Amino acid sequence: MKIINPKKMMLMGIFLFYIFPLRSQCVTDCVWPGDANRNGIVNHIDFIFAVYAQNTLTIGPIRPNASTDWEAQSCDDWSTFFPNTDINFKHADFDGDGDIEGDDVYWPENNYNFRNDTFNGEWGNTLLGEDLFLTYNNENPQPGDTVIATIHLGSATNVIEDIWAIGFTIELDTALIDKFDVYPNFFGGWLGTPNVDLGTRAKYTPLASDQIDFAGARFAVDPVSGFGPIAEFSVVVIDNISGFRSPTNIPLPFTFRNVYGLGESMHDLLITAMPDTVLIDISTSTHQIDYGDEISLYPNPTKDQLYIDSPTPIDKIEIYNSIGQFVDRKRVFDSRHVIDLDYLNTGIYFIRLWIEDKFVTKKIRIKD
Ligand SMILES: [Ca+2]
Ligand SMILES: [Ca+2]
């Protein structure tokens, strides 16, 4: 039996230490660069956490052997935690230099959408409601048309109080749009001016995901109140859509996810959102009423009653839900009419109005 010389063993140990440094041996509360809220994924919510940490001007221990690679790294705890959490500020120090600066806020882009084994779900809610909603330049696009969607936060009858940051995701149906022709823009609106008093992110990665992540966070973490548009995105309906699912209309849905609005002390404001749909029109134009713009439906949104005004008498009304399924049909024999819709659940519906053998489709929103 051969006995290994202890001195030789020690030299081998030193040799191995240089090849495999101890950095990779972190086991508890490890820093994964870019995952500021420590939920196992780098996304728009981390941007908000980094803006918060930067505003406090806190400093803490430098991370030994720090890198910005996506791997578990040991670091001593800082003296500060994010309010109402056990998440230490060290997680927001992307580059590990003991300080939270602009680099820590914007550079995690390189690790965007990376996940690790501790990932247990994205943050934010999917509560149904009226806080976040969409309006469009065109609710009945035809194949090849561009749809510009404006994202509103709050309305005149629903003012959003004391918010300093908002993050959300919009899911896209990339079977119906050109996935390389999607342009998101977080322009701020009443929340603030990008790069002046507002940090913004609008992230779309066509090859990695079918979603746009939006985030806006006021640099000074000072809550504001208001309502109106804050962001937008555009998509282009694909050309070759014929024979797809439905004879005349194809619903193109836009769904909100990961909605996360923050007030004082990072308190979650439970911002709600309204999933939405536009109807892609693939009927031949001869079936469309050409004075459709002169037919008005009001109030919209409505709770119960919907008034219909038309220059000529309407024969029939059909109601479809947000994914284009038939819900109800009503006979009408007048150009002025009121229908009762209090039996419908909150959400988006399409009203198709028939005049002889032609129709026009209009979108309405039923609110609580
Ligand atoms: Ca995260
Ligand atoms: Ca740093």
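**Exercise 1. Find the residue of E14 that stands opposite Ile317, then describe the pairing of E13 and E14.**

Solution. Ile317 stands opposite Lys330 in E14. Strands here are DSSP runs of at least two residues (E), helices are DSSP runs of at least four (H or I), and both are numbered from the N terminus. The model is predicted: local features need pLDDT of at least 70, side-chain atom pairs count only at pLDDT 80 or more, and totals for chains, interfaces and linings use all residues. Residues are numbered from 1 along each chain as its sequence is written, while chains are lettered from A and ligands numbered from 1 in the order in which they are written.

Step 1. E13 and E14 run antiparallel and are joined by 11 bridges; two strands pair if DSSP finds at least two bridges between them. A second opposed couple is Ile314 and Asp334 in E14.

Step 2. The two strands form a hairpin with 4 residues between them, and Gly324 in the turn has a positive phi of about 85°.

Step 3. None of this buries E14 (residues 326-340): of its 15 residues the number buried is 0, so the strand lies largely in the open. A residue is buried if 20 or more other C-beta atoms lie within 10 Å of its own, exposed if 12 or fewer, and partly exposed in between, with C-beta atoms placed from the backbone.

**Exercise 2. List the other partners of E13 and place Ile319.**

Solution. Step 1. Strand E12 (residues 296-298) pairs with E13 in the antiparallel sense over 3 bridges. A hairpin of 6 residues joins E12 to E13, and the bridge partner of Ser296 in E13 is Asp309.

Step 2. E13 is also joined to strand E15 (residues 347-355) by 6 bridges, again antiparallel. Here Glu318 has Arg352 as its bridge partner in E15.

Step 3. Ile319 belongs to E13, which spans residues 305-321. Is Ile319 buried, partly exposed or exposed? It has 19 C-beta neighbours inside 10 Å, so it counts as partly exposed.

Step 4. Leaving aside neighbours within four places in sequence, Ile319 is in contact with Val327, Asp328, Tyr349 and Ile351. Contact means that the C-beta atoms, placed from the backbone, lie within 7 Å. Ile250 is 69 residues from Ile319 in sequence, and their C-alpha atoms are 15 Å apart.

**Exercise 3. Describe the two open sheets.**

Solution. Step 1. One sheet has 5 strands in the order E6-E7-E4-E10-E11, with antiparallel pairing. Its edge strands are E6 (198-204) and E11 (276-281), each of which pairs on one side only. Neighbouring strands are turned by 15° against each other on average, direction ignored.

Step 2. Within this sheet, 7 bridges join E4 (residues 165-171) to E7 (residues 211-218). Ala165 has Ala217 in E7 as its bridge partner.

Step 3. The other sheet has 4 strands in the order E1-E2-E9-E5, also with antiparallel pairing. E1 (128-136) and E5 (183-185) stand at the edges with a single partner strand each, so one side of each is left without a neighbour in the sheet.

Step 4. E2 (residues 146-153) and E9 (residues 228-236) pair over 8 bridges, and Ala149 stands opposite Phe233 in E9.

**Exercise 4. Locate the core and the helix that contributes most to it.**

Solution. Step 1. The largest nonpolar core has 72 residues, and Ile48, Ala50 and Phe168 are among those with the most contacts inside it. Such a core is a set of buried Ala, Val, Leu, Ile, Met, Phe, Trp, Tyr and Cys residues joined through C-beta atoms within 7 Å.

Step 2. Helix H2 (residues 44-55) gives the most to this core, with 8 residues. H2 lies across E4, E6, E7 and E10 (249-262), at about 10° to E7. Axes are lines fitted to C-alpha atoms, for helices over the stretch in contact, and angles run from 0 to 180 degrees between N-to-C directions.

**Exercise 5. Set these parts in the whole chain.**

Solution. Step 1. The chain has 3 helices and 16 strands. Its radius of gyration, taken over C-alpha atoms, is 27 Å, whereas the globule rule, 2.2 Å times the number of residues to the power 0.38, gives 21 Å for 368 residues, so the chain is more spread out than a compact globule.

Step 2. The domain assignment, automatic or from a database, gives domain 1 (6-111), domain 2 (128-281) and domain 3 (285-366). The C-alpha centres of domain 2 and domain 3 are 26 Å apart. Their contact takes 11 residues from domain 2 and 8 residues from domain 3. On the side of domain 2, E10 and E11 are the elements that give two or more residues.

How values were computed: Contact = placed C-beta atoms within 7 Å.
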